[in-house]
Amino acid sequence: MYDTKKALAEYVLPMLRDKKIIGLGTGKTVRKLVEVLQNANLLHNKIIITSSVDTDLLVSRYTQNVLSPLTGAIPEIYIDSFDFFLNSGDEKILVKGGGGALLREKILSFFSTERIFIGEKSKVISKRDVLVPIEIAPFALSFVVSKLRSSGLNPTLRESNGKMGPIVTDNGNVLVDVSVETSNLCALEREIKSIPGVIETGIFCEKLYDMIVIADEGGTIEI
Ligand code: 5RP
(Lines give C-alpha, C1' and ligand atoms only; values in the text may rest on other atoms or scores of the structure.)
Protein backbone atom coordinates (compact mmCIF):
# COMPACT_ATOMS: atom_id res chain seq x y z
CA MET A 1 0.00 0.00 0.00
CA TYR A 2 1.20 3.52 -0.85
CA ASP A 3 2.71 5.18 2.23
CA THR A 4 1.88 8.89 1.95
CA LYS A 5 3.62 9.80 5.21
CA LYS A 6 6.81 8.17 3.94
CA ALA A 7 6.50 10.01 0.62
CA LEU A 8 6.11 13.30 2.51
CA ALA A 9 9.12 12.56 4.70
CA GLU A 10 11.24 11.68 1.67
CA TYR A 11 10.09 14.87 -0.05
CA VAL A 12 11.38 17.12 2.74
CA LEU A 13 14.56 15.14 3.34
CA PRO A 14 16.67 17.20 0.87
CA MET A 15 15.54 20.39 2.68
CA LEU A 16 17.04 19.00 5.91
CA ARG A 17 20.39 17.78 4.58
CA ASP A 18 22.30 21.05 5.01
CA LYS A 19 20.54 22.11 8.24
CA LYS A 20 22.23 21.53 11.58
CA ILE A 21 19.50 22.47 14.08
CA ILE A 22 16.12 20.93 13.28
CA GLY A 23 12.85 21.40 15.15
CA LEU A 24 10.41 18.51 15.07
CA GLY A 25 6.67 18.39 15.73
CA THR A 26 4.64 15.53 17.15
CA GLY A 27 2.53 12.72 15.73
CA LYS A 28 2.61 9.82 13.29
CA THR A 29 3.86 11.90 10.36
CA VAL A 30 6.80 13.18 12.38
CA ARG A 31 7.50 9.67 13.64
CA LYS A 32 7.74 8.54 10.02
CA LEU A 33 10.08 11.44 9.26
CA VAL A 34 12.34 10.43 12.16
CA GLU A 35 12.44 6.87 10.74
CA VAL A 36 13.31 8.18 7.27
CA LEU A 37 16.01 10.48 8.69
CA GLN A 38 17.49 7.62 10.65
CA ASN A 39 17.44 5.27 7.63
CA ALA A 40 19.22 7.96 5.61
CA ASN A 41 21.84 8.09 8.39
CA LEU A 42 21.14 11.79 8.91
CA LEU A 43 20.03 11.93 12.54
CA HIS A 44 23.38 11.42 14.24
CA ASN A 45 24.91 14.67 12.98
CA LYS A 46 21.87 16.88 13.60
CA ILE A 47 20.82 18.78 16.68
CA ILE A 48 17.14 18.22 17.36
CA ILE A 49 14.70 20.35 19.33
CA THR A 50 11.34 18.68 19.75
CA SER A 51 7.82 19.79 20.57
CA SER A 52 6.97 16.94 22.94
CA VAL A 53 8.18 14.27 25.32
CA ASP A 54 6.85 11.76 22.78
CA THR A 55 9.14 13.00 19.99
CA ASP A 56 12.00 13.49 22.49
CA LEU A 57 11.79 9.84 23.50
CA LEU A 58 11.68 8.64 19.92
CA VAL A 59 14.62 10.75 18.72
CA SER A 60 16.64 9.86 21.83
CA ARG A 61 16.64 6.22 20.69
CA TYR A 62 18.88 7.23 17.81
CA THR A 63 20.90 10.22 18.98
CA GLN A 64 21.90 12.02 22.14
CA ASN A 65 21.76 15.34 20.32
CA VAL A 66 18.34 16.34 21.61
CA LEU A 67 18.69 19.92 22.77
CA SER A 68 16.65 21.80 25.36
CA PRO A 69 14.96 24.92 24.00
CA LEU A 70 16.25 26.65 27.14
CA THR A 71 19.63 26.92 25.39
CA GLY A 72 17.99 29.51 23.13
CA ALA A 73 19.24 27.69 20.01
CA ILE A 74 16.92 28.57 17.13
CA PRO A 75 15.88 25.71 14.82
CA GLU A 76 17.00 26.54 11.28
CA ILE A 77 14.02 24.56 10.09
CA TYR A 78 10.91 23.20 11.81
CA ILE A 79 8.95 20.29 10.36
CA ASP A 80 5.55 19.21 11.57
CA SER A 81 2.19 17.94 10.36
CA PHE A 82 -1.37 19.16 10.99
CA ASP A 83 -4.88 17.86 11.53
CA PHE A 84 -6.60 20.13 9.01
CA PHE A 85 -5.49 22.58 6.37
CA LEU A 86 -8.26 25.04 5.63
CA ASN A 87 -7.63 26.19 2.09
CA SER A 88 -10.46 28.47 1.05
CA GLY A 89 -9.48 31.38 -1.14
CA ASP A 90 -7.76 34.00 1.01
CA GLU A 91 -7.72 31.91 4.18
CA LYS A 92 -4.97 29.33 4.48
CA ILE A 93 -5.02 28.11 8.06
CA LEU A 94 -3.66 25.04 9.79
CA VAL A 95 -5.44 23.42 12.70
CA LYS A 96 -3.20 21.40 14.96
CA GLY A 97 -3.13 19.78 18.36
CA GLY A 98 -4.76 16.42 17.71
CA GLY A 99 -1.77 14.97 19.55
CA GLY A 100 -2.03 17.58 22.30
CA ALA A 101 1.34 19.24 21.61
CA LEU A 102 -0.06 22.50 20.21
CA LEU A 103 1.61 24.89 22.67
CA ARG A 104 5.18 23.73 22.07
CA GLU A 105 4.41 23.29 18.37
CA LYS A 106 3.24 26.88 18.10
CA ILE A 107 6.26 28.15 20.05
CA LEU A 108 8.66 26.30 17.74
CA SER A 109 6.73 27.42 14.65
CA PHE A 110 6.92 31.04 15.75
CA PHE A 111 10.62 31.04 16.62
CA SER A 112 12.10 28.76 13.95
CA THR A 113 13.75 30.31 10.92
CA GLU A 114 11.87 28.23 8.34
CA ARG A 115 8.62 26.31 8.99
CA ILE A 116 7.33 23.47 6.82
CA PHE A 117 4.16 21.47 7.45
CA ILE A 118 3.50 18.20 5.68
CA GLY A 119 0.27 16.22 5.46
CA GLU A 120 -2.01 14.01 3.42
CA LYS A 121 -4.50 15.52 0.98
CA SER A 122 -7.31 14.04 3.09
CA LYS A 123 -6.45 16.66 5.74
CA VAL A 124 -7.26 19.53 3.36
CA ILE A 125 -10.71 21.00 3.92
CA SER A 126 -12.55 23.89 2.31
CA LYS A 127 -15.56 24.95 4.33
CA ARG A 128 -17.08 22.97 7.13
CA ASP A 129 -16.95 22.74 10.88
CA VAL A 130 -13.57 21.94 12.34
CA LEU A 131 -12.49 20.67 15.77
CA VAL A 132 -10.11 23.11 17.45
CA PRO A 133 -8.12 22.14 20.57
CA ILE A 134 -7.61 24.69 23.33
CA GLU A 135 -4.97 24.26 26.05
CA ILE A 136 -6.11 25.60 29.42
CA ALA A 137 -4.47 26.09 32.82
CA PRO A 138 -6.21 23.52 35.09
CA PHE A 139 -7.05 26.19 37.70
CA ALA A 140 -9.11 28.07 35.11
CA LEU A 141 -10.81 25.10 33.44
CA SER A 142 -14.35 25.60 34.81
CA PHE A 143 -14.24 29.37 34.28
CA VAL A 144 -12.97 29.04 30.71
CA VAL A 145 -15.50 26.32 29.87
CA SER A 146 -18.35 28.57 31.14
CA LYS A 147 -17.00 31.51 29.15
CA LEU A 148 -16.72 29.42 25.97
CA ARG A 149 -20.28 28.13 26.50
CA SER A 150 -21.63 31.65 26.96
CA SER A 151 -19.90 32.56 23.67
CA GLY A 152 -21.88 29.82 21.91
CA LEU A 153 -19.11 27.23 21.81
CA ASN A 154 -19.50 23.71 23.16
CA PRO A 155 -16.19 22.53 24.65
CA THR A 156 -15.47 18.87 25.30
CA LEU A 157 -12.77 17.96 27.81
CA ARG A 158 -10.14 15.68 26.30
CA GLU A 159 -9.96 12.57 28.47
CA SER A 160 -7.59 9.62 28.56
CA ASN A 161 -8.86 6.55 26.78
CA GLY A 162 -9.99 3.94 29.25
CA LYS A 163 -8.86 5.98 32.26
CA MET A 164 -10.62 8.46 34.46
CA GLY A 165 -9.71 12.09 34.20
CA PRO A 166 -8.40 14.55 31.67
CA ILE A 167 -5.35 14.23 29.49
CA VAL A 168 -2.57 16.37 30.95
CA THR A 169 -0.26 18.00 28.40
CA ASP A 170 3.54 18.06 28.59
CA ASN A 171 3.08 21.54 30.10
CA GLY A 172 0.80 20.34 32.93
CA ASN A 173 -2.32 21.80 31.35
CA VAL A 174 -5.61 20.31 30.15
CA LEU A 175 -7.29 20.37 26.75
CA VAL A 176 -10.78 20.98 25.47
CA ASP A 177 -11.94 20.63 21.87
CA VAL A 178 -14.51 22.95 20.34
CA SER A 179 -16.29 22.48 17.05
CA VAL A 180 -16.30 25.78 15.17
CA GLU A 181 -17.28 27.05 11.75
CA THR A 182 -14.31 27.62 9.52
CA SER A 183 -14.97 31.29 8.76
CA ASN A 184 -12.88 33.97 10.53
CA LEU A 185 -10.80 31.41 12.40
CA CYS A 186 -7.95 33.86 13.04
CA ALA A 187 -10.34 36.38 14.62
CA LEU A 188 -11.79 33.58 16.74
CA GLU A 189 -8.27 32.60 17.75
CA ARG A 190 -7.58 36.10 19.07
CA GLU A 191 -10.90 36.12 20.94
CA ILE A 192 -10.27 32.75 22.62
CA LYS A 193 -6.68 33.72 23.49
CA SER A 194 -7.96 36.84 25.26
CA ILE A 195 -9.65 34.69 27.95
CA PRO A 196 -7.38 34.44 31.02
CA GLY A 197 -6.51 30.80 31.65
CA VAL A 198 -6.41 29.95 27.95
CA ILE A 199 -2.81 29.06 27.19
CA GLU A 200 -3.01 28.37 23.45
CA THR A 201 -5.25 27.21 20.63
CA GLY A 202 -4.55 24.85 17.73
CA ILE A 203 -5.33 27.52 15.11
CA PHE A 204 -2.16 28.37 13.16
CA CYS A 205 -2.58 31.43 10.96
CA GLU A 206 -0.30 32.39 8.11
CA LYS A 207 2.56 33.97 9.99
CA LEU A 208 3.29 30.56 11.54
CA TYR A 209 4.24 28.67 8.40
CA ASP A 210 6.34 29.16 5.29
CA MET A 211 5.41 26.11 3.24
CA ILE A 212 2.73 23.44 3.32
CA VAL A 213 3.39 20.20 1.49
CA ILE A 214 0.40 18.07 0.57
CA ALA A 215 0.56 14.56 -0.85
CA ASP A 216 -1.54 11.65 -1.97
CA GLU A 217 -0.94 8.72 -4.30
CA GLY A 218 -1.16 11.09 -7.26
CA GLY A 219 1.84 13.15 -6.17
CA THR A 220 3.07 15.95 -3.95
CA ILE A 221 2.45 19.70 -4.14
CA GLU A 222 3.87 22.69 -2.28
CA ILE A 223 1.61 25.53 -1.15
C1 5RP B 1 0.05 17.13 17.36
C2 5RP B 1 -0.29 17.65 15.99
C3 5RP B 1 -0.04 16.75 14.85
O4 5RP B 1 0.76 17.41 13.91
C5 5RP B 1 -1.37 16.41 14.21
O6 5RP B 1 -2.23 15.87 15.20
C7 5RP B 1 -1.19 15.41 13.05
O8 5RP B 1 -0.73 14.20 13.57
P9 5RP B 1 -0.44 12.93 12.66
O10 5RP B 1 0.87 13.15 12.02
O11 5RP B 1 -0.43 11.78 13.64
O12 5RP B 1 -1.55 12.83 11.64
O13 5RP B 1 -0.74 18.75 15.82
O14 5RP B 1 -0.27 18.05 18.36
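Colleague: How do the residues of the shell around the ligand divide into nonpolar, polar and charged?
Modeller: Three are nonpolar, nine polar and five charged. Ala, Val, Leu, Ile, Met, Phe, Trp, Tyr, Cys and Pro count as nonpolar, Asp, Glu, Lys and Arg as charged, and the others, Gly among them, as polar. Keep in mind that this is a predicted model: local features need pLDDT of at least 70, side-chain atom pairs count only at pLDDT 80 or more, and totals for chains, interfaces and linings use all residues. Numbering starts from 1 along each chain as its sequence is written.

Colleague: Which residues are closest to the ligand?
Modeller: Gly-27, Lys-28, Thr-29, Gly-98 and Gly-99, out of 17 that surround the ligand. To be near, a residue needs its C-beta atom, placed from the backbone, within 6 Å of the molecule.

Colleague: And which helices supply at least two residues of that shell?
Modeller: α2 (28–39) and α4 (102–111) each do. Helices are DSSP runs of H or I with at least four residues, strands are E runs of at least two, and both are numbered from the N terminus.

Colleague: Switching to the core. Which residues have the most contacts inside the largest nonpolar one?
Modeller: Leu-94, Val-95 and Ile-134, in a core of 52 residues. Such a core is a set of buried Ala, Val, Leu, Ile, Met, Phe, Trp, Tyr and Cys residues joined through C-beta atoms within 7 Å. Buried means 20 or more other C-beta atoms within 10 Å of a residue's own, with C-beta atoms placed from the backbone.

Colleague: What is Ile-134 in contact with, beyond its neighbours within four places in sequence?
Modeller: Leu-175, Val-176, Val-178, Ile-192, Val-198 and Thr-201. Contact means C-beta atoms, placed from the backbone, within 7 Å. Val-176 in β10 is also the bridge partner of Ile-134. In addition, Val-176 is the bridge partner of Leu-157.

Colleague: What is the strand order in the open sheet of four strands?
Modeller: β9-β10-β8-β11, with antiparallel pairing. β9 (156–157) and β11 (198–201) are the edges with a single partner strand each, so one side of each lacks a neighbour in the sheet. Pairing takes at least two DSSP bridges between strands.

Colleague: How many bridges join β8 to β10?
Modeller: Seven. Three join β8 (residues 130–136) to β11, where Ile-136 stands opposite Val-198. β9 and β10 share two.

Colleague: Is β10 mostly covered or uncovered?
Modeller: Mostly covered: five of the seven residues in β10 (174–180) are buried.

Colleague: What share of the whole chain is buried?
Modeller: 41% of the 223 residues.

Definitions and conventions. A residue is buried if 20 or more other C-beta atoms lie within 10 Å of its own, exposed if 12 or fewer, and partly exposed in between; C-beta atoms are placed from the backbone. Two residues are in contact if their C-beta atoms, placed from the backbone, lie within 7 Å.
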